[in-house]
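Visitor: Please choose a single part of this model and look at it closely, and then set it in the context of the rest of the chain. I would rather have one connected account than a list.

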Amino acid sequence: MANNEQQDLLNKIIRDDSKNKQVLLMINGAARTGKTFLIKLIENSMNRSAGKRVVLMTGSTGKAAKAIGGRTLHCTIGLPNEKPEDLESLKSQAFIYATTRLIIIDEITLLASWHLDATDMVLKRTQKRTDALFGGLSIILVGDLRQLNLGTRANFSSKPTTTEDKNSN
Ligand SMILES: Nc1ncnc2c1ncn2[C@@H]1O[C@H](COP(=O)(O)OP(=O)(O)OP(=O)(O)O)[C@@H](O)[C@H]1O
């Protein structure tokens, strides 16, 4: 059974969704605080009340996706491994269902900001809606922001870091 905090959030999401209001939410919490429990509850409750599969579960990595019975954001959106020089040139179409209303993205601290920019761009194209973030689909980002290690992530650049680059900061 959901605890009060989980139930309140679930109620709010279901209420907004039933009013066709886009849900844009970040669930941030330390390990073992019930994030996975909550997103499975959201998935089951929304699918059950809609009578069809309206929630798409994704993770930033294969391991994260498997843990929630979903698939990777990369294969869902058609993200390349490396950041394209020109993001606008990305031709991908999102691999989602016609019934999809909410995409949950777990373990977001393992994503770079361009992954979300590309997700927004590709969903706008797939949903044929450029006027709304993520093409109007609801998005819930899930993770533990304390896992961000900005020092390490700075090395995730797609081009090799040189001494010159480092000195120019
Ligand atoms: N409302 C609840 N009732 C019963 N058990 C719960 C509830 N919420 C969470 N739990 C249990 O607490 C444990 C930790 O929850 P969960 O795995 O969802 O946390 P998490 O934040 O996703 O952790 P991690 O970040 O390590 O993946 C699990 O065994 C889960 O089943």
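## A close look at Leu145 and its surroundings

Guide: Leu145 counts as partly exposed, because its relative accessibility is 39%, and what follows should be read with the reminder that this is a predicted model. Leu145 lies in the loop that leads from strand E5 (138–143) to helix H6 (150–153), and together with Met26 and Leu148 it makes a nonpolar surface patch of about 230 Å². Membership of such a patch requires over 30% relative accessible area, and Leu145, at 39%, therefore satisfies that condition.

The residues that precede Leu145 make a useful contrast. Gly143 belongs to strand E5 and is buried, because its relative accessible area is 2%. Leaving out residues up to four places away in sequence, Gly143 touches Met26, Ile27, Asn28, Gly29, Lys35 and Ile108. Met26 thus appears both among the contacts of Gly143 and in the surface patch with Leu145. Strand E1 spans residues 24–28 and helix H2 spans residues 35–50, so several of these contacts can be placed: Met26, Ile27 and Asn28 fall in E1, whereas Lys35 falls in H2. A separation of another kind is seen with Ser113, which is 30 residues from Gly143 in sequence, their C-alpha atoms being 14 Å apart in space.

Asp144 is also buried, since its relative accessibility is 9%, yet it forms a salt bridge with Arg146, in which the closest N and O atoms are 3.4 Å apart. Arg146, in turn, counts as exposed because its relative accessibility is 64%, so this salt bridge joins a buried residue to an exposed one. Side chains of opposite charge can pair when their charged atoms come close.

Moving back along strand E5 brings us to the interior. Ile139, when neighbours within four places in sequence are set aside, is in contact with Val23, Leu24, Leu25, Leu102, Ile103, Ile105, Leu123 and Phe134. In soluble globular proteins, nonpolar side chains tend to be buried together. The largest nonpolar core here holds 21 residues, of which Ile77, Ile96, Ile103, Ile105, Leu123 and Ile139 touch the most other members. At least two residues of this core come from each of helix H4 (73–77), strand E4 (102–106), helix H5 (113–126) and strand E5, and H5 provides the largest share, five residues. There is also a second, separate core of 16 residues, which includes Ile13, Val23, Ile140 and Val142.

Helix H5 repays a further look. His115 has its place in this helix and is buried, because its relative accessibility is 8%; with neighbours within four places left aside, it is in contact with His74 and Leu79. Farther along H5, Asp120 and Lys124 meet through their side chains in a salt bridge of 3.1 Å, N to O. These two residues are four apart in the helix, which means that they are separated by about one helical turn, and Asp120 is buried, with a relative accessible area of 14%.

Elsewhere, Arg129 forms a salt bridge with Asp131, with the closest N and O atoms 3.1 Å apart; Arg129 counts as partly exposed at 37% relative accessibility, whereas Asp131 counts as exposed at 62%. Lys12, Asp16 and Lys21 are linked in a salt-bridge network. If a Lys or Arg side-chain nitrogen within 4 Å of a carboxyl oxygen of Asp or Glu is taken as the criterion, the count comes to seven salt bridges.

At the scale of the whole chain, there are seven helices and five strands, and from the N terminus the elements run α-β-α-β-α-β-α-β-α-β-α-α. Of the 169 residues, 40% count as buried, and about 10,100 Å² is exposed, with carbon and sulfur atoms supplying 51% of that area. Among contacts between residues at least 6 apart in sequence, 69% join residues at least 24 apart. An unreviewed UniProt entry lists residues 3–148 as "domain: DNA helicase Pif1-like DEAD-box helicase"; over this range the chain is 38% helix and 16% strand.

How values were computed: Residues numbered from 1 in each chain as written. Predicted model: local features only at pLDDT ≥ 70, side-chain atom pairs only at ≥ 80, totals over all residues. Heavy atoms only, no water. Patch = residues over 30% accessible without salt bridge, like charges linked within 9 Å, V, L, I, M, F, W, Y side chains within 5 Å. Areas by Shrake-Rupley, 256 points an atom, 1.4 Å probe, with all protein chains shown as cover. Buried < 20%, exposed > 50% of the residue type's maximum accessible area, 1.4 Å probe, protein only. Core = buried A, V, L, I, M, F, W, Y, C linked by side-chain atoms within 4.5 Å. Contact = heavy atoms within 4.5 Å. UniProt positions renumbered as here; feature names shortened; annotations may be inferred.
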